[in-house]
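Visitor: I am new to this structure and should be grateful for a close look at a single part of it. Please set that part in the context of the whole.

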Amino acid sequence: MLVDPKSVEEWSRRHHGRIIPLVRTVAERYPLLILHGDVGTGKTVTAEVAANELSREMGREGALFKLSTRVRGAGHVGQMSMLINQAFDIVTKEAGKSRLSFLILDEADSLTASRVQGQSHHEDKVAVNTFIQKIDFVRGLGGQVLLFLCTNRFDVLDPAIVRRAGRVEQFNRPNDDERKALIVMDCDGIKFSNDDLAKLVRLTGPDGVARPVGFTYSDLRTRLFPEALGAVFPKRELTGADLIAAAEHLEPSPATIKPEDRE
Ligand SMILES: Nc1ncnc2c1ncn2[C@@H]1O[C@H](COP(=O)(O)OP(=O)(O)OP(=O)(O)O)[C@@H](O)[C@H]1O
Ligand SMILES: [Mg+2]
């Protein structure tokens, strides 16, 4: 709906015989999606996959651009704004009648440090204002550009940006069932008893004492599994016991949001 407002009008004509007012209201939304939540929970991959799927589904060619604001310039006033301006220039130039253009603003925390916070740097405030102007501008293009903003600091996002989001999605660490599903999928072909699996699910979850939070998706994939593999490679096969041993001495990444604030 955000990238193809015309199709919403068609839907309305087909099902309601005319363009109902709600279509106009919905069209007021901005082509901006905010993906926020804890580290390593899939914000960046979801943005990438969503862009890919959307292009495929709509049968339109798509171009994907990423701007990581973790890498900042030398901090000169206006530099951040200049980067944003350049990024939007490229993205809008790539977009066209049949072409979709996606921009992922990753690690967007510094970019969006709330304008109301007294201590936020002048440079950040300028960047936020530039960004807001740019979101307004791409909405006017009528669905050629879709923006994703990924952050693990939703609390410092500028309210003016949050208000413009067409959709806000929170990402959480995997629960027991989700960790289990990932382990079963990634560890296919490895000898595992049901007890091993249950133990691994428990060891990678929060225990409410020493481990207030469990492993993230990326903790499992980029730390636990490689660690277990590294311990046996190239001498012998990998087993459930090796994964358990790795889980026993690894710690989950620290939470960026307080556990009590998690859904
Ligand atoms: N839902 C999921 N299912 C399976 N694997 C996942 C899922 N979410 C994340 N992962 C794995 O975790 C890795 C890290 O995900 P990603 O980089 O998208 O996290 P992120 O939320 O952007 O983290 P950060 O806040 O550190 O940028 C992915 O490459 C993927 O392997
Ligand atoms: Mg990320």
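**A close look at strand β4**

Guide: Among contacts (heavy atoms within 4.5 Å) in the chain between residues at least 6 apart in sequence, 76% join residues at least 24 apart. The model is predicted, so local features need pLDDT of at least 70 and side-chain atom pairs count only at pLDDT 80 or more, whereas totals for chains, interfaces and linings use all residues. Residues are numbered from 1 along each chain as its sequence is written, chains are lettered from A and ligands numbered from 1 in the order in which they are written, and side-chain values use heavy atoms, without hydrogens and water.

The chain has 11 helices and five strands, both being DSSP runs numbered from the N terminus (helices H or I, at least four residues; strands E, at least two). Of its 263 residues, 43% count as buried, that is, under 20% relative accessible area with a 1.4 Å probe and protein chains only as cover.

The part chosen here is strand β4, residues 145-151, in which seven of the seven residues are buried. V145, L147, L149 and T151 point one way from β4, while L146, F148 and C150 point the other way. Residues on both sides are buried.

Strand β4 also has pairing partners, where pairing requires at least two DSSP bridges between two strands. Strand β1 (residues 30-37) runs parallel to β4 and is joined to it by five bridges; within this pairing, L32 has L147 as its bridge partner. Strand β3 (residues 99-106) likewise pairs with β4 in the parallel sense, over five bridges, and there I104 stands opposite F148.

L147 and L149 reappear in the largest nonpolar core (buried Ala, Val, Leu, Ile, Met, Phe, Trp, Tyr and Cys residues joined through side-chain atoms within 4.5 Å). This core has 26 residues, and L32, L103, F131, L147, L149 and I161 touch the most other members. At least two residues come from each of β1, α4 (79-94), β3, α6 (122-139), β4 and α7 (159-164). Helix α6 supplies the largest share, six residues. A second, separate core of 19 residues includes L182, C187, L203 and F225.

Two cysteines named above complete the picture. C150 of β4 is buried at a relative accessible area of 1%, and C187 is buried at 6%. A disulfide is a covalent bond between the sulfur atoms of two cysteines. The structure holds zero disulfides, counted as cysteine sulfur pairs within 2.5 Å.

Methods: Buried means under 20% relative accessible area, exposed over 50%, partly exposed in between (1.4 Å probe, protein chains only).
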